[in-house]
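Me: I would like to learn how to read a few features of a protein model. Could we go through them one at a time?

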Amino acid sequence: MRTDGGVRDWLREHGAERIAHPGGTLYAHLCRVGERLAALGCGSDVATAGLTHAVYGTDGFDLTLLDLADRPVLRDLVGADAEEIVYLYCACDRKRTWPKLAETGQVFDRFTGQVLTPDAARLRALVDLSVVNELDVVERDPAVADRYGSYFRDLFASWVPLASAPVVSDVQRVLRP
């Protein structure tokens, strides 16, 4: 497993600095999300997952840095636990998962079509990562904030039982009405 600096080098080597993303580049976004998760007291696996959260592409960002067939590469880079969080995040079919996530605890895997039921720790990691990712985008793109602010306020309010307390506080700070 590489150090945080080694992971950042890997991201740059795989073109993350050349991919546009709200607030600059995908690389800058990934770094901000990882740093914010760490600052909010999320565990090192969650923060590392935040740093690499989009490598397989996501339901909201189709570009990939690594093919799913190469999951062992990311596992070797960040560790098995962080890679599992990244996979769960990237695999999440947001339209089918997000609205009822707090009710069901189930994630629809857009890659396999299966329904996943992560344990409480993995579910919290997914929620914290999802929230922090969207907060970063909202803070950097006023159009996203205007268009989706109330949606995220309502959605994240439903996720309060799943999220860590510092992430909930961050939502209230960023998305206050």
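Reply: We can start with the nonpolar core, keeping in mind that this is a predicted model. In soluble globular proteins, nonpolar side chains tend to be buried together. Here the largest nonpolar core has 60 residues.

Me: Which residues of the largest nonpolar core touch the most other members?

Reply: Those are Leu11 and Phe156. Eight helices each supply at least two residues of this core: α1 (4–13), α2 (26–39), α3 (44–51), α4 (71–78), α5 (80–91), α8 (120–140), α9 (142–158) and α10 (165–174). The largest share, 10 residues, comes from α8.

Me: What is Leu11 in contact with, leaving aside its neighbours within four places in sequence?

Reply: Its contacts are Ala16, Tyr27, Leu30, Leu51, Val55 and Leu65.

Me: Take Ala16 from that list. Where is Ala16 found, and is it buried or exposed?

Reply: Ala16 sits in the loop between α1 and β1 (20–21). Its relative accessible area is 0%, so Ala16 is buried. Not counting residues up to four places away in sequence, Ala16 touches Leu11, Thr25, Leu26, Tyr27, Leu30 and Leu65. For a sense of distance, the C-alpha atoms of Ala16 and Pro166 are separated by 28 Å, with their positions 150 residues apart along the chain.

Me: How do I read burial for a whole helix, and which residues are buried in α3?

Reply: List the buried residues, then ask what covers them. In α3 they are Val46, Ala47, Ala49, Gly50 and Leu51. The cover over these residues includes α1, α2, α5 and α8.

Me: Now charges. How many salt bridges does a search of the whole structure find?

Reply: Side chains of opposite charge can pair when their charged atoms come close. The search finds 14 salt bridges. One of them joins Arg122 and Asp81, with the closest N and O atoms 3.8 Å apart. This pair links distant parts of the chain, as Arg122 is in helix α8 and Asp81 in helix α5, 41 residues apart. Asp81 has 37% relative accessibility and therefore counts as partly exposed.

Me: What does a salt bridge within one helix look like, say that of Arg173 with Asp170?

Reply: The closest N and O atoms of Arg173 and Asp170 are 2.7 Å apart. Both residues lie in helix α10, 3 residues apart, about one turn of the helix. Arg173 is partly exposed because its relative accessible area is 43%, whereas Asp170, at 8%, counts as buried. Salt bridges that share partners join Arg32, Arg36, Asp136, Glu139, Arg140, Asp170 and Arg173 into one network.

Me: How far apart are the closest N and O atoms of Glu139 and Arg140?

Reply: They are 3.7 Å apart, and the two residues form a salt bridge. Glu139 has a relative accessible area of 36% and is partly exposed. Arg140 also counts as partly exposed, at 36% relative accessibility.

Me: Last, the cysteines. How many disulfides does the count come to?

Reply: A disulfide is a covalent bond between the sulfur atoms of two cysteines. The count here comes to 0. For Cys31, the nearest cysteine sulfur is that of Cys90, 16 Å away. Cys31 is buried, with a relative accessible area of 6%.

Me: Why is Cys92 not bonded to Cys90?

Reply: Its sulfur is 10 Å from that of Cys90, the closest cysteine sulfur, which is too far for a bond. Cys92 counts as buried because its relative accessibility is 2%.

Definitions and conventions: Residues are numbered from 1 along each chain as its sequence is written. This is a predicted model: local features need pLDDT of at least 70, side-chain atom pairs count only at pLDDT 80 or more; totals for chains, interfaces and linings use all residues. Side-chain values use heavy atoms; hydrogens and water are left out. A nonpolar core is a set of buried Ala, Val, Leu, Ile, Met, Phe, Trp, Tyr and Cys residues joined through side-chain atoms within 4.5 Å. Buried means under 20% relative accessible area, exposed over 50%, partly exposed in between (1.4 Å probe, protein chains only). Helices (H or I, at least four residues) and strands (E, at least two) are DSSP runs, numbered from the N terminus. Contact means heavy atoms within 4.5 Å. A salt bridge is a side-chain nitrogen of Lys or Arg within 4 Å of a carboxyl oxygen of Asp or Glu. A disulfide is a pair of cysteine sulfur atoms within 2.5 Å.
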